Amino acid sequence: MSSETKPHDLDSESTDTGTRSAMDRRTLLASSAAVLGSTVLAGCSGDGGDGGDGGDGGDSATTNIAIVSSPAGFDDSAFNDLALEGLQTAAEEYDISINQVEETEQSQYQSVQAELAQSGDYDLIVLVSYNHTEALSQNAPEYSDQYWMLINDHVDEPNVAGYTWANHQMSYLAGVLAGTMTTEELSHDDSSTTPDSAQVGFVGGVDGSLINAFERAYVAGAEWVNDSVDVNVGYIGNYTDTDTAADIASSQYNDGADIVYHAAAAAGRGVFEAAQENGRFAVGVDADQSQTLPDFQDVILGSAVKYINEGTRTVAVGVAEDNWAEVSGANTLGLDQEAVDCVIGQAFQDQLPDVVNQNLEEAKQAIVDGDIQVPCTASGCN
């Protein structure tokens with residue numbers, strides 16, 4: 001690796017824990033759990049049809065939005081909740097009504113999307129995750145007057161706004177955090193690292209292109225810090241099974257991993273449970289999970305975050321202001337746009353050595369400058 005992309009020497013300044021990580025200079029994501037306590041309004045009844053001009057929306061003074069979950073469902077303290085949070089924030093500024101549709105069966109997506117579009121009730125239908133892509137490929141041209149937002153993928157139709165966050169970049173930073181801390185001595189409450197070995201873990205949801213990008217980028221980030229680090233990898237097969245997630249993580253901790261990063265949506269809670277049970281640490285995903293899951297603050301060293309809430313808010317406001325052209329099309333958001341990051345957990349703001357922040361900042365700058373080529377893309381691995 002070039003001198004510009006080499007991480008800070010792990011042996012220097014590693015015992016200074018008094019400096020707050022620069023990760024907290026940016027406002028951390030608010031707890032989605034708090035927002036979910038607010039009232040979610042159902043969409044007003046329309047006149048039927050295909051949605052006319054992005055959906056007639058019944059009352060023209062109100063912008064009616066439906067949001068359909070990913071297979072993980074809402075209350076995941078991560079991906080789905082962040083998407084909903086952005087709409088709710090927009091509703092504080094504009095006359096927006098939100099219909100929250102939880103559909104965890106991917107086989108139902110085509111019919112659910114079609115029913116919402118056929119109702120003519122909605123100015124915008126937000127689809128959370130790439131799992132909706134195949135169904136939307138059929139429905140977007142079929143209901144060409146309906147506006148759609150697709151998260152983590154895009155369908156090339158003029159009535160679709162596709163927003164993909166740089167999952168690979170934020171996962172690389174998660175690897176930098178884990179790769180740095182696995183050889184640092186840290187004790188917090190009942191958890192500790194074993195700094196004489198370099199070993200971390202990864203637990204993914206579905207073993208496919210998208211989550212493979214999380215995995216490969218995470219491994220690369222850990223290896224950028226320490227090329228001799230061992231990374232254990234396991235997949236659950238879904239995004240909801242916390243018990244299997246806990247079993248996989250426990251196996252990795254038993255094999256010597258100090259820190260496990262998950263990309264498993266709601267199932268990731270099982271990783272945090274395993275970290276507590278095994279006296280180790282974990283890294284969250286999507287939201288600052290030390291905020292959204294405060295019961296696990298004692299083990300969440302940090303989280304790889306993407307500001308999905310800002311994306312859904314932007315599109316909702318664009319529709320409310322009749323500015324579809326400004327928010328539609330394919331949009332990829334990463335470090336250049338400050339749309340992804342790795343934030344330090346709430347309980348560890350003053351606990352980690354300076355080298356953590358130094359390595360994270362060096363890695364971020366090197367990615368932006370093109371000196372680090374992160375494996376895969378925002379959309380996945382081929």
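## Helices and strands

The chain holds 12 helices and 14 strands. Both are DSSP runs, numbered from the N terminus: helices are H or I with at least four residues, strands are E with at least two. This is a predicted model, in which local features need pLDDT of at least 70, side-chain atom pairs count only at pLDDT 80 or more, and totals for chains, interfaces and linings use all residues. Residues are numbered from 1 along each chain as its sequence is written, and side-chain values use heavy atoms, with hydrogens and water left out.

## Burial and contacts

Of the 382 residues in the chain, 60% are buried. Buried means under 20% relative accessible area, exposed means over 50%, and partly exposed lies in between (1.4 Å probe, protein chains only). The chain exposes about 14,100 Å². Carbon and sulfur atoms supply 38% of that area. Accessible areas come from the Shrake-Rupley method with a 1.4 Å probe; for residues, only the protein chains shown count as cover.

Take the contacts (heavy atoms within 4.5 Å) between residues at least 6 apart in sequence: 73% of them join residues at least 24 apart.

## Helix α12

Helix α12 covers residues 354-369. Its 16 residues should span 22 Å at 1.5 Å a residue, and its end C-alpha atoms are 23 Å apart, which agrees. The expected span is 1.5 Å times one less than the number of residues. After α12 comes Gly370, with a positive phi near 85°.

The buried residues of α12 include Asp354, Val355, Val356, Leu360, Ala363 and Ile367. Its buried residues pack against two helices, α5 (167-181) and α6 (209-225), and against strand β14 (340-344).

## A salt-bridge network at α12

The whole structure has five salt bridges. Each puts a side-chain nitrogen of Lys or Arg within 4 Å of a carboxyl oxygen of Asp or Glu. Side chains of opposite charge can pair when their charged atoms come close.

One salt bridge joins Lys364 and Glu361 (3.2 Å, N to O). Both residues lie in α12, three residues apart, about one turn of the helix. Lys364 is buried, with a relative accessible area of 8%. Glu361 is partly exposed at 25%. Asp341 joins Glu361 and Lys364 in a network of salt bridges.

## Helix α2 and its link to α10

Helix α2 has 15 residues. From first C-alpha to last, α2 reaches 23 Å, close to the 21 Å expected at 1.5 Å a residue. The helix is mostly covered, with 11 of its 15 residues buried. Among them are Phe79, Leu82, Leu84, Gly86, Leu87 and Ala90.

Glu93 of α2 forms a salt bridge with Arg313 (2.9 Å, N to O). Arg313 lies in helix α10 (residues 308-320) and Glu93 in α2 (residues 79-93), so the pair ties together parts 220 residues apart in sequence. Both ends are partly exposed: Arg313 has a relative accessible area of 24%, and Glu93 has 44%.

## A pair within α8

Another salt bridge connects Arg269 and Glu273 (3.7 Å, N to O). The two residues are four apart in helix α8 (residues 269-278), so about one helical turn separates them. An α-helix has 3.6 residues a turn, so residues three or four places apart point the same way. Arg269 is partly exposed at 33% relative accessibility. Glu273 is partly exposed as well, at 25%.
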